[in-house]
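Please work through the exercises below with the sequence and the structure at hand, trying each task before you read its solution.

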Amino acid sequence: MPREWAILEHTDEVLPLLDLVGGYSVVARLLAQRGVRDVASARAFLDPAHYAPSSPFSLPGMQAAVDLVRAAVARGEKIRIWGDFDADGQTAAAVLYEALRAMGAEVDCRLPQRRDGHGLPIRAIEEAVSDGVVLLLTCDTGIGENEAIERGIALGLKIIVTDHHDLPDVLAPAHVVVNPKMLASNHPLRELAGVGVAYMVARALLEEGKGAVTGQSAVTGKSAVHGESAAILESLLDLVAVGLVADMSVQVGEVRYLIQRGLSVLRRAARPGLRALMMVAGDDPAVADESTIGYHLGPRLNAAGRLADATWGLRLLLTRDEQEALELAEYLESLNRDRQARTEALSAEVDALLR
């Protein structure tokens with residue numbers, strides 16, 4: 001439908017912003033229309049260096065979750081991460097895995113199969129117990145999986161749910177639940193997707209001054225303490241940006257800030273898997289932006305979970321081997337081409353039916 005665009009008239013409320021945006025009145029008006037009306041807020045909106053990030057401990061349950069994880073790591077107990085098969089679930093699992101490995105944890109990851117559907121099946125609980133898992137940590141799922149969680153607790157599992165989906169009428173009976181939907185509607189962490197919540201857990205575990213456990217980093221191969229913790233957290237931001245954009249998170253507050261920072265990390269292309277995936281998609285990492293994620297990286301990661309096994313995507317994100325990264329990226333590229341062909345065929349069928 002044709003539309004008539006109307007730019008609001010210049011008002012006095014944009015005057016303080018004009019100097020900040022180089023005198024461009026349209027930019028100042030657009031900021032004001034988005035509720036960004038003072039210089040400090042506008043500077044933080046435009047430049048992540050001026051944004052004051054929230055404490056991960058703003059999330060209800062975070063301290064209890066951290067205490068459980070640290071106790072498990074200190075005792076050498078086996079931890080399992082359970083994610084989801086979409087891009088958000090894959091990146092969230094990768095973030096938690098690298099953070100826990102940096103602490104020296106004995107940890108592995110599992111993702112559901114498409115046939116399982118989203119969520120935490122009882123099968124996953126029973127397999128975890130059979131494999132000697134003591135602590136199960138979910139990401140991007142679990143908030144409404146009451147039956148499976150009850151089964152896990154009955155079998156002696158400790159369960160932490162980290163999720164971002166809407167709260168059910170009856171909250172999952174896990175030992176700890178961390179979900180930004182428990183926050184006020186205007187809280188800067190409220191719109192985090194699963195990978196954003198996972199990153200907040202990583203921050204709470206690794207940041208200096210929070211009693212982070214030292215260990216061997218899977219990312220740098222060095223001790224994860226003090227400055228190394230900051231380097232590890234920085235290295236995770238490309239995953240965070242990919243998951244947030246692919247999951248179409250509302251880009252306000254912490255979401256916008258993390259995407260801005262994550263895009264900077266993505267452009268450096270330090271992660272072999274994402275570098276290889278950009279290469280097969282024909283992208284130049286140096287100019288990667290949110291469209292690169294939304295139209296190229298996200299669909300290829302999602303194709304793994306939709307047509308094959310999301311574990312291939314997780315392996316791509318975690319590998320440090322250049323050859324393996326390229327082989328996995330080419331496999332995801334073939335799956336994505338298959339997905340595109342199926343979509344086109346179905347669209348043509350629907351179009352014929354409509355005609």
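A residue is called buried when its relative accessible area is under 20%, exposed when the value is over 50%, and partly exposed in between. Keep in mind throughout that this is a predicted model.

**Exercise 1.** Decide how Glu126 is to be classed by its relative accessible area, and describe the salt bridge that it forms.

*Solution.* Begin with the accessibility: Glu126 has a relative accessible area of 39%, and because this value lies between the two cut-offs, Glu126 is partly exposed. Next, look for the partner, which is Arg151, with the closest N and O atoms 3.6 Å apart. Then place both residues in the chain: Glu126 lies in helix 6 (residues 122–130) and Arg151 in helix 7 (residues 146–154), so this pair ties together parts that are 25 residues apart in sequence. Finally, class the partner too, where a relative accessibility of 36% makes Arg151 partly exposed.

**Exercise 2.** Describe where the salt bridges Glu333–Arg337 and Asp338–Arg342 lie, and state whether Glu333 is buried or exposed.

*Solution.* First take Glu333 and Arg337, whose closest N and O atoms are 3.5 Å apart; both residues lie in helix 15, four residues apart, which is about one turn of the helix. Now apply the cut-offs to this pair: Glu333, at 12% relative accessibility, counts as buried because the value is under 20%, whereas Arg337, at 46%, counts as partly exposed. Then turn to Asp338 and Arg342, whose side chains meet in a salt bridge with an N to O distance of 3.1 Å. These two residues are also in helix 15 and four residues apart, about one turn of the helix, and Asp338 is partly exposed at 30% relative accessibility.

**Exercise 3.** Find which residues form a nonpolar patch with Leu354, and class Leu354 by its accessibility.

*Solution.* The patch on the surface is formed by Leu346, Val350 and Leu354, which together have about 320 Å² of accessible area. Leu354 is placed in helix 15 (residues 322–354), and its relative accessible area of 72% is over 50%, so Leu354 is exposed.

**Exercise 4.** Describe the largest pocket and its lining.

*Solution.* Start with the volume of the largest pocket, which is about 210 Å³. Of the 13 residues that line this pocket, the closest to its centre are Val36, Ser41, Phe45, Gly253 and Arg256. Sorting the lining by class then gives six nonpolar, five polar and two charged residues. As a last step, ask which helices contribute: helix 3 (39–46) and helix 11 (253–268) each supply at least two residues, and helix 11 gives the most, with four.

Key:
Residues numbered from 1 in each chain as written. Predicted model: local features only at pLDDT ≥ 70, side-chain atom pairs only at ≥ 80, totals over all residues. Heavy atoms only, no water. 1 Å grid on protein atoms, 1.4 Å probe; cavity = no way out; pocket = protein on both sides within 12 Å on 5 of 7 lines; lining within 4 Å. Points joined across faces, edges and corners; volume = space filled by probe spheres on them. Nonpolar A, V, L, I, M, F, W, Y, C, P; charged D, E, K, R; others polar. Patch = residues over 30% accessible without salt bridge, like charges linked within 9 Å, V, L, I, M, F, W, Y side chains within 5 Å. Areas by Shrake-Rupley, 256 points an atom, 1.4 Å probe, with all protein chains shown as cover. Salt bridge = Lys/Arg side-chain N within 4 Å of Asp/Glu carboxyl O. Buried < 20%, exposed > 50% of the residue type's maximum accessible area, 1.4 Å probe, protein only.
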